[in-house]
Amino acid sequence: MKPYKEIQLRPGKESSLQRFHPWVFSGAIARKQEDPAEGETVRVLAAGGAFLGVGHFQTGSIAVRIMSFLDEPVDAAFYERSLAEAYKMRLALNLARPDNTIFRLVHGEGDYLPGLIVDIYGDTAVIQAHSVGIHKDMELITDALKRILSPGSVKHIFYKPEGTLPYNAGIFPENSYLSGGSDANEIAVENGLSFRIDWLKGQKTGFFVDQRENRALLEQYARNRHVLNMFCYTGGFSVYALRGGAASVESVDSSAKAVSITGQNVALNFGDDSRHSSCAEDAFKFLKKLPCGEKDLIILDPPAFAKHRGAVNNALQGYKKLNHSALEKIAPGGLIFTFSCSQAISAEQFRLAVFSAAAISGRKVRILHQLTQPADHPINIYHPEGEYLKGLALQVE
Ligand code: SAH
């Protein structure tokens, strides 16, 4: 195999890599040996020539994503070792059980594999590539995946790169099965509850695996409550609330397709359950019309309001407005589970937005729980950008 091309950094730009932060920004680069192709694996050197890491090159502000801080090839054996580590961790977390067949196997930088997402839904793995290097290595990755998972446990591999690769890379792969597919079973189980996962057409890999523990917590509070699940997507929180003994659950999402799958997921677990109703509508409009005091448990789990740093201020206003509407309408003694999945917004900023909403409402509010992403979405401590999900469980007097 040809040696990897080298990229040398400007003086002083090596320190973040020496602390295992996995990104090299384009401004840090002094010199490239030839021009690496999009996604090509390169060796990164300090200005003085010391080896720093090997990673995937890509045109853009993040120029290299470090795959290893050792001077080693990123090859079949590398992916097999890395995926085996990731799987071992999920087994240690006891996430692969007969009553829990949904978990995230690989969470990008959090699993030292920048750009790679793998979610497991029963015997189907759904893969996303967020870098060209990962896309180009897909065959190595799927081969490794088949080898490390216990035989027969994953029969179908669905690759979902549409919309996740940068436009300027000029690569537009289509979503497709890389293995199996014809008889894939779309029903998978989370904490004993069944969900239909629409990986073909649904958002992200088809399900928001990251809310598992927060849904389980909500279940504990749902008894006899009138629950409003805003931004319900496929109804994760609704199904847990129903199992938790909610008096009623109303699910709202602007997507009619999502609302329809929510209905199917309720039926899958509880048949025709008259406690559940749903509505395809904009959340802000819905909350405006909602009579005061009708609901005493409200979930607010909107899409990321800030998709990049430039959008932070508007996003904070959005969170403030949304939380204020819920705080105005919730019954005394009610609970609000409120979330932000914007990576660009810190837990502190989010809390401040909710604080402002509370202050305007004039109501007494206590934080019962501070919520985050679960352990199968780990955060590399040197890569704080990986912390994206934050939430608060509030009690409102
Ligand atoms: N809570 C969900 C995930 C929510 S994802 C779960 O646990 O699975 C965010 C959802 O918000 C998406 O389904 C999207 O369709 C919906 N959405 C986006 N903008 C909206 C709006 N203005 N009003 C209502 N729903 C909206």
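## A question to start

Is Phe355 buried or exposed? Phe355 is exposed, because its relative accessible area is 55% and the cut-off for that label is over 50%. You can find Phe355 in helix H10, which covers residues 347-361. Keep in mind as you look around that this is a predicted model.

Phe355 also gives you a way to compare distance along the chain with distance in space. Phe355 and Cys279 are separated by 76 residues in sequence, and their C-alpha atoms lie 29 Å apart.

## Around the ligand

Now turn to the ligand, which has 15 residues around it. Those that come nearest are Arg215, Asp253, Asp282, Ala283 and Asp301. Sorted by class, this shell holds 7 nonpolar, 3 polar and 5 charged residues.

Some polar atoms are worth picking out on your screen. In the side chain of Asp253, an N or O atom sits 2.7 Å from an oxygen atom of the ligand. The backbone takes part as well: a nitrogen atom of the ligand is 2.8 Å from a backbone N or O atom of Ala283. Phe231 offers a polar backbone atom too, at 3.3 Å from a nitrogen atom of the ligand. How much of the ligand does the protein bury? On its own the ligand would expose 580 Å², and the protein buries 89% of that.

## Two phenylalanines with a positive phi

Here is a backbone detail to look for. Most residues other than glycine have a negative phi. Phe231 is not a glycine, yet its phi is positive, at about 60°. Phe231 is in the loop that links strand S14 (226-230) to helix H6. With a relative accessible area of 17%, Phe231 is buried, since the label applies under 20%.

Phe20 is the other example here: its phi is positive as well, at about 70°, although Phe20 is not a glycine. Phe20 belongs to the loop between helix H1 (15-18) and strand S2 (23-25). Its relative accessibility is 39%, so Phe20 counts as partly exposed.

## The nonpolar core

Which residues have the most contacts inside the largest nonpolar core? They are Ile102, Tyr121, Phe195, Ile197, Ile299 and Phe337, in a core of 35 residues. Several elements each supply at least two residues of this core: strands S13 (193-196), S17 (297-300) and S18 (334-340), along with helices H5 (212-221) and H6 (236-243). Helix H6 gives the most, with 5 residues. The core also draws at least three residues from each of domain 2 (76-190) and domain 3 (208-396).

## Buried side chains and their polar contacts

A buried residue can still have a polar partner, as His56 shows. His56 is in strand S5 (residues 51-57) and is buried, with a relative accessible area of 1%. The side chains of His56 and Asp137 are joined by a polar contact of 3.0 Å.

Asn214 is another residue to visit, this time in helix H5. At 4% relative accessibility, Asn214 counts as buried. Its side chain reaches the backbone oxygen of Thr372 at 3.3 Å.

## Along the chain and through space

Let's finish with some more pairs of residues. Glu294 sits in the loop between helix H8 (283-289) and strand S17. Glu294 is partly exposed, with a relative accessible area of 38%. Counting along the sequence, Glu294 and Ala46 are 248 residues apart, and 62 Å separates their C-alpha atoms.

Glu139 lies in helix H4 (residues 138-148), and at 62% relative accessibility Glu139 counts as exposed. Between Glu139 and Leu290 there are 51 Å from C-alpha to C-alpha, with the two residues 151 apart in sequence. Pro3, found in the segment before strand S1 (5-9), is exposed at 73% relative accessibility. How far apart are the C-alpha atoms of Pro3 and Val42? They are separated by 8.9 Å, while the residues themselves are 39 apart along the chain.

Note on methods
Residues are numbered from 1 along each chain as its sequence is written. This is a predicted model: local features need pLDDT of at least 70, side-chain atom pairs count only at pLDDT 80 or more; totals for chains, interfaces and linings use all residues. Side-chain values use heavy atoms; hydrogens and water are left out. A residue is near a molecule or strand if one of its heavy atoms lies within 4 Å of it. A polar contact is a pair of N or O atoms within 3.5 Å; within protein, one must be able to donate a hydrogen and the other to accept it, and residues adjacent in sequence count only if both atoms are side-chain atoms. Accessible areas come from the Shrake-Rupley method with a 1.4 Å probe; for residues, only the protein chains shown count as cover. Ala, Val, Leu, Ile, Met, Phe, Trp, Tyr, Cys and Pro count as nonpolar, Asp, Glu, Lys and Arg as charged, and the others, Gly among them, as polar. A nonpolar core is a set of buried Ala, Val, Leu, Ile, Met, Phe, Trp, Tyr and Cys residues joined through side-chain atoms within 4.5 Å. Buried means under 20% relative accessible area, exposed over 50%, partly exposed in between (1.4 Å probe, protein chains only). Helices (H or I, at least four residues) and strands (E, at least two) are DSSP runs, numbered from the N terminus. Domain bounds come from an automatic or database domain assignment.
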